[in-house]
Structure formats: structure tokens, C-alpha cells
Amino acid sequence: RVLVEETHRIENPGKRPIWVPEAQRSGGGAPFEALLPEGAIDFQTGVFDATSSFEQRGDRVLYWGPVYRGEQEIRFVYQLPVTPGEEDVDLRLRFPRGTGGVTVLSASHGPKLTSDALRSGEDVERDGVSFAAWTSGSLPAGGELPLTVSVPATTADPSALALGRAEVSVELDDTILEVTQTQQLRVAPGAHVAGTPRAPLLRFELPLEAELIGLSNDAGRLGIGAVQQGIEVVGPLGPGKHDFAFRYRLPARPGGTPLDLRFPMTVPALQLRAADTGLVIESDRLHRLRPQAIGTRTWMMREAFHVEPEEILELRFVPIEASAPSAAGAAFFVLVAGATVLLFVVAPLRASREVRGREADDLHGPAHERELVYSTIRDLDHDFETGKVAQADYDRTRQELWARAVELMRQERGSTGGATVASLPGAGMSAPAASPTPATDRPGEPAAPIPTGGFCPACGGSVDPTWRFCSHCGASLAPAEGSESTG
């Protein structure tokens, strides 16, 4: 089959839109009319387009509006069957109301065109595909444009076809999980690759309970169609890269909505994008990426590489219950109140520590408070990664918490009479630099390094026993005057 897509540019010079109500259409007189070539089949206006204003009457195509003021385009597609064994297809374009000119485009790797009524023009590129172009002058009402289409060689060799990158966008509300999948197809250089309706090149299975919403407009051009609970690729597909999309919906589940993805061939890279409407994405296969802000929405990002054929990627989208306590709530509290509120909260613990003695001191002292600060930092990092905290607020709050953690470590060191080594949360994360202390204990005498067991008593970083200052935070490693160092 040869697929033909016609795009007509029309103009309404008036001041009001043109629209013919359905009750007035029986007598004809549509704002736009076209004639299909002889033998044309499978007339379509695109699954994503509204079709209520189009009507096909035999070989006539009628468009009843609306036709808005100024210029607009009307687009439709159809196919011409190819007789087995023949290499050429005759195509006669007809224009019942005439036209100011015609441009015919054919993909450079696709069918070849010949016509005495056309002159060759400059090649054009659309959506990454190169097209050879031919043009004609104006045609009167009832004018025709004859063409001969030479069908290229095709092969059914499945090794000529591969899948490229896949992108999946997900949006969840109270009742529906809507999924849009964009898939890239790659065809090796050489002949076109094509299957048949009984033996398609590929079949994409939809998840159970999925309801197909539609296919992108370029799917028909690629010989891609919907079948029961799936999408089939028949072709023919020319050499190069081709993208198409399909959309479906699943019923949402109160306790979490599952989504199982699988592909008929190896996918080198898969990217998942989910609108952040208060969701947790559960998956053992996809890696978490930094969220992206697109327009007024924030999208959570996940990625997987080298997905095997028929490998099932199990995902689950769980809404966060507003009434349940969460790390996000704790981080938000810290974000709004800041370090001042944190100090206020722990003040009663200090008073209690003085009254209750040594045992209570272990539970409510600086070490315990420091662990709470570390936990808050981890919660803040998670909320920043999921896009719930702005960059400026995140940087300011995290610096305040780090400063408080360092201060608590110093309190612990003072209470024990020596150096306390503690690990800070987050690999590769740095604390605010401490103010350096003098390099010597007494005038004219060099400072003796503190034997800290290889760690800085201020930030916990690894140090050399001969160092006088920590290379991580700048704190002095010399002992305080009149004190002894403990390892």
C-alpha cells in the first residue's frame, strides 16, 4: 500500500468563523471539499484529531467547519493498494475548487515520483526526515495532477528492525492512571522493512485492564495500528529513525496503582516521567533521577537501561496519604521554622539532662540531638530530590543544620574531655568550615597535634596525625591549653 497525506491550506477572509450545522448539511455546500483518487481506501483524519466536522461521501471529502478567520490547515490521509508484482502506482490528485499551487513531498528513502506536471524543487526537512520536493503552478476548478509512484524494494527480515529509546509519561488522579508511551523505531540502511497484517513486524502488548485512547498522527504513515489489547507495527518502514506514540488509561487503585511495562525487543534506554501529584514510585528496576520542573508542574524522573525482550518492569504508583506523618512534613517544619525553632525544641531537653543525671544525659544529650539533626538533613535531601523544596530554601536550611551538627559535636567533645569521632550523613557532603584556632599553644612553641585516631574532632573527616589543621573544615588539631588529648 501507498499512504498519502494531504494538507490543504484554506483562508477565511471574513470576520466570523464559518460553521454549517448538521441539520443543514444534506444539501451540500461545505466550506471545504476534496476528491479522493480512484481506488483510495482507509480514509482517516487522525486519531488525536476531532472528526465530527468531516464527512466522506463516496470519493468526496466534506469539511463543515469551523473555518476560523485567516488561514488554517485541513489534513487527512488515505491509502492506495499496490497490486502484487507491480512496482508502479498511478495516482491522480483532483481539486474540485482549484488550487493556487501544489507541493508534493516524498521521503528521500521512500517512493520515487515522476510527473510531467511537476518540477523539481529543493529538498526540505521535517521532524528529522529529509524529503524530496516537487511543485506545480495553480490549477483551475476541476483540475487534476497525475503522478506515478515507484514502490521501493522491501524486506521482511526482522533483523533490519530494532527499538530505540522509549519514553513513558504518567499522570494519576483519583480514578485514572493515564500513560503516554513514545517509542523510537530504527531501520538499518538498505531496503524498506515490512510485515503483513497476519505477520506484523512487532506487537506491543498493553497492560491488563488498559483502555487505548489513541495513536499519534504519524502512526498511520508508519503502518502502525491498534489491535485487541495491543499495538502492531506492519510498515513499510524506510531506513532511519521513526517515532510514534500511543496513549492508554488504567483504573486507579486506592492502595496503589500497578503498571507493568514490557517490550517486544531490547530497549537500550527507558525514561519514565510521572507528574508529582503526591506519589511514591515503587520499582526495583528503575533508577531515580533528579526531578524536572516543566512549566508549572514538577515531574519525578526514573530511568532504566538495556531492557530485555519481554522483561516485565513492575511499577507501582502509591499516593501519599495527607493524614499520615512523613519525612516531608518534618522537613517542611524545619524549612519554615529554621534553626531557631530547633533550638527552642531541644531547650527543655538540656534542662532535663541537668536534673536527671548521667543516664538521661545519654538519651537527651548532644549525641541524641545530633542524630535528630542528621535525620532531618536526610529528610531535607530527599524532599529536595523530589522537587518539594526550592533550591534557595534547601541551601539555607541545610547550612544551618550542618552548623548545628558541628556545634553539637563540639559540645560532645567538651563533655567527654577529649575528641569524639562521629560520622556525618551523606557521602561527599561537606560541613560549614569552622573558624581556625591559633597554630600554637604557647608563644614560641609549636603546637602538638591531637591524636584523634585519624579523624577530625570537629567534622569527622579523615586526617593525618601530623597535621595541625583539618583539610576538610579548617579546625585546629592542636590540643587546648592545659588539656590532655585522648585518642
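Let me begin with strand β15, residues 161-172, and strand β24, residues 267-275, which in this predicted model run parallel and are joined by five bridges. Within that pairing, E167 stands opposite Q271 in β24. On β15 there is also a second pairing to look at, because E167 has T182 as its bridge partner in β16, and β15 and β16, the latter covering residues 176-187, run antiparallel and are joined by 10 bridges. These two strands, β15 and β16, form a hairpin, with three residues between them. As a general reminder, strands of a sheet pair through backbone hydrogen bonds, and they do so either parallel or antiparallel.

If we now follow β24 onward, we find that it pairs with strand β27, residues 297-307, in the antiparallel sense and over eight bridges, and that A269 stands opposite F305 in β27. Taken together, these strands belong to an open sheet of seven strands, whose order is β19-β22-β16-β15-β24-β27-β26, and whose pairing is mixed. Which strands stand at the edges of this sheet? They are β19, residues 211-215, and β26, residues 287-294, and each has a single partner strand, so one side of each is left without a neighbour in the sheet. From one strand to the next, the twist in this sheet averages 20°.

Let me stay with β15 a little longer and turn to A166, which lies in that strand. Is A166 buried or exposed? A166 is buried, with a relative accessible area of 0%, and the cut-off to keep in mind is that buried means under 20%. Leaving aside the neighbours within four places in sequence, A166 is in contact with T182 and Q183, and also with F263, V267, A269, L270 and Q271. A further pair that you may want to find on the screen is A166 and A245, which are 79 residues apart in sequence but, from C-alpha to C-alpha, 9.7 Å apart in space.

Another strand of the seven-strand sheet is β22, residues 240-251, and H242 lies in it. The relative accessible area of H242 is 7%, so this residue counts as buried, and its side chain reaches the backbone oxygen of G238 at 2.6 Å.

From here I would like to move to the nonpolar interior. In soluble globular proteins, nonpolar side chains tend to be buried together. In this model, the largest nonpolar core has 44 residues, and those with the most contacts inside it are V170, L185, F204, L237, Y248, L259 and F317. The strand that gives the most to this core is β15, with six residues. Apart from this core lies another, of 29 residues, among them Y63, F76, V102 and L147. Going back to Y248 for a moment, the residues that it touches, not counting those up to four places away in sequence, include L177, V179, L206, P207, L259 and L261.

There is also an open sheet of three strands, in the order β23-β28-β25, where the pairing is antiparallel. Here β23, residues 257-261, and β25, residues 279-282, stand at the edges with a single partner strand each, so one side of each is left without a neighbour in the sheet. The twist of this sheet averages 20° from one strand to the next. Between β25 and β28, the latter being residues 313-319, there are four bridges, and the two strands run antiparallel; one of the pairs is L279 with its bridge partner P319 in β28.

Let me add one residue from another part of the chain, namely Q72, which lies in strand β6, residues 70-80. Q72 is buried, with a relative accessible area of 17%, and a polar atom of its side chain lies 3.4 Å from the backbone oxygen of P66. Beyond its neighbours within four places in sequence, Q72 is in contact with H8, R9, I10, Y63, P66 and V67.

I will finish with the chain as a whole. How many helices and strands does the protein chain have? It has four helices and 28 strands, and of its 487 residues, 39% are buried. Among the contacts with a separation of 6 or more, 72% are between residues 24 or more positions apart. Finally, the protein chain exposes about 26700 Å², of which carbon and sulfur atoms supply 51%.

Conventions. Residues numbered from 1 in each chain as written. Predicted model: local features only at pLDDT ≥ 70, side-chain atom pairs only at ≥ 80, totals over all residues. Heavy atoms only, no water. Buried < 20%, exposed > 50% of the residue type's maximum accessible area, 1.4 Å probe, protein only. Polar contact = N/O pair within 3.5 Å; in protein donor to acceptor, adjacent residues only side chain to side chain. Pairing = 2+ DSSP bridges. Axes fitted to C-alpha atoms, helices over the stretch in contact; angles between N-to-C directions. Contact = heavy atoms within 4.5 Å. Core = buried A, V, L, I, M, F, W, Y, C linked by side-chain atoms within 4.5 Å. Areas by Shrake-Rupley, 256 points an atom, 1.4 Å probe, with all protein chains shown as cover.
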